Amino acid sequence: MKVTWIVLALILFSHLRWTSAAPGAGLHTWDRFSKLPYPGDKAFLYDTFPDKFMWAVGTAAYSVEGAWEKDGKGKSIWDTFTRGGTRVSRGDVGSDSYHNIKGDLRALQQLGVSHYRFSLSWPRIFSNGTKESYNEKGVEYYKSLIRGLKEIKVQPVVTLYHWDLPDSLQSLLGGWSNSVMVELFREYADFCFRTFGSDVKFWITIDNPFVVAWHGYGTGVVAPGIKNDSDLPFRVGHNLLK
């Protein structure tokens with residue numbers, strides 16, 4: 001499938017950090033551009049871009065959904081990873097998008113975007129990673145979100161995998177280091193295409209596979225946090241490419 005998408009990211013801080021603000025505070029972001037000297041004041045005007053430019057914002061399931069143990073969702077490698085060592089930041093609640101579809105849709109309308117890039121949580125759809133563990137409530141959540149997007153005329157751009165592997169596949173099989181993952185991912189992807197494909201034109205397979213392989217299985221900086229095996233990231237990368 002050909003994937004064509006552009007994500008417009010608004011960077012409000014120079015370093016990644018947890019932030020909080022009063023509801024509606026983001027509406028004042030665009031005021032900054034009205035006070036810039038020319039040509040900076042014209043930098044983000046709609047009419048300076050092609051008519052079919054894809055104005056979009058993006059999220060990742062683990063960061064925003066929350067409801068990490070609710071309605072049959074299985075545990076992901078990030079649920080395990082964030083409970084190890086001295087880590088205190090977790091996505092157990094995130095932005096609570098699982099309970100707040102209407103609020104998310106309202107925010108997208110306020111931003112005036114044409115596309116919304118979000119990811120599916122594999123363990124919310126298949127709780128242990130295999131099709132035998134199908135979770136109807138998780139699938140209904142995504143169907144509701146996609147229906148809502150279509151109603152407000154925002155095109156969904158769906159990422160199949162944004163780093164949150166079902167934890168059972170990691171603990172039982174070694175995750176992406178095991179070539180059996182190729183077939184398991186195919187089954188998961190086929191299910192998603194069949195289930196959501198009539199309403200989703202744009203798909204992304206795996207978000208930033210370099211980070212998954214190198215930092216997930218090499219430096220240990222991200223989940224599943226494996227390190228000290230110099231060959232492992234290359235085996236993982238090979239399976240991700242397949």
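In the predicted model, Val157 stands opposite Phe202 of strand E4. This pair belongs to the contact between strand E3 and strand E4 (residues 202–206), which run parallel and are joined by 4 bridges. E3 also pairs with strand E2 (residues 115–119), again in the parallel sense, over 5 bridges. In that pairing, Gln155 of E3 is the bridge partner of His115. Strand E3 itself, spanning residues 155–161, is mostly covered, with 7 of its 7 residues buried.

Helix H5 comprises 16 residues, 136–151. The distance from its first C-alpha to its last is 22 Å, close to the 22 Å expected at 1.5 Å a residue. The buried residues in H5 are Gly138, Val139, Tyr141, Tyr142, Leu145, Ile146, Gly148 and Leu149. Their cover includes the strands E2 and E3. Helices also contribute to it, including H1 (61–64), H3 (101–111), H4 (122–125) and H7. Just after H5, Lys153 adopts a positive phi of about 60°.

The largest nonpolar core contains 50 residues. Within this core, the residues with the most contacts are Leu120, Trp122, Ile125, Trp176 and Phe196. Helix H7 (residues 180–196) supplies the largest share of the core, 8 residues. The surroundings of Ile125 can be listed with residues up to four places away in sequence left out. On that basis, Ile125 touches Val139 and Tyr142, both of which are among the buried residues of H5. Ile125 also touches Tyr188, Phe191, Cys192 and Phe196. Phe196 is, like Ile125, one of the residues with the most contacts inside the core. The remaining contacts of Ile125 are with Leu120, Ser133, Tyr134 and Asn135.

The count of salt bridges comes to 8. One of them joins the side chains of Asp92 and Arg83, with an N to O distance of 2.5 Å. Asp92 has a relative accessible area of 18% and is therefore buried, the cut-off being under 20%. Arg83, at 32% relative accessibility, counts as partly exposed.

Two further salt bridges involve Arg186. The side chain of Arg186 meets that of Glu183 at 2.6 Å, N to O. Arg186 also forms a salt bridge with Asp190, where the closest N and O atoms are 2.6 Å apart. Glu183, Arg186 and Asp190 are thus linked in a network of salt bridges. Arg186 and Glu183 both lie in helix H7, 3 residues apart, about one turn of the helix. Arg186 and Asp190, also both in H7, are separated by 4 residues, again about one turn. An α-helix has 3.6 residues a turn, so residues three or four places apart point the same way. Side chains of opposite charge can pair when their charged atoms come close.

The members of this network count as partly exposed: Arg186 at 41% relative accessibility, Glu183 at 37% and Asp190 at 27%. These values fall between the cut-offs of 20% for buried and 50% for exposed, which means that each residue is assigned to the intermediate class.

How values were computed
Residues are numbered from 1 along each chain as its sequence is written. This is a predicted model: local features need pLDDT of at least 70, side-chain atom pairs count only at pLDDT 80 or more; totals for chains, interfaces and linings use all residues. Side-chain values use heavy atoms; hydrogens and water are left out. A nonpolar core is a set of buried Ala, Val, Leu, Ile, Met, Phe, Trp, Tyr and Cys residues joined through side-chain atoms within 4.5 Å. Buried means under 20% relative accessible area, exposed over 50%, partly exposed in between (1.4 Å probe, protein chains only). Helices (H or I, at least four residues) and strands (E, at least two) are DSSP runs, numbered from the N terminus. Contact means heavy atoms within 4.5 Å. Two strands pair if DSSP finds at least two bridges between them. The expected span of a helix is 1.5 Å times one less than its number of residues. A salt bridge is a side-chain nitrogen of Lys or Arg within 4 Å of a carboxyl oxygen of Asp or Glu.
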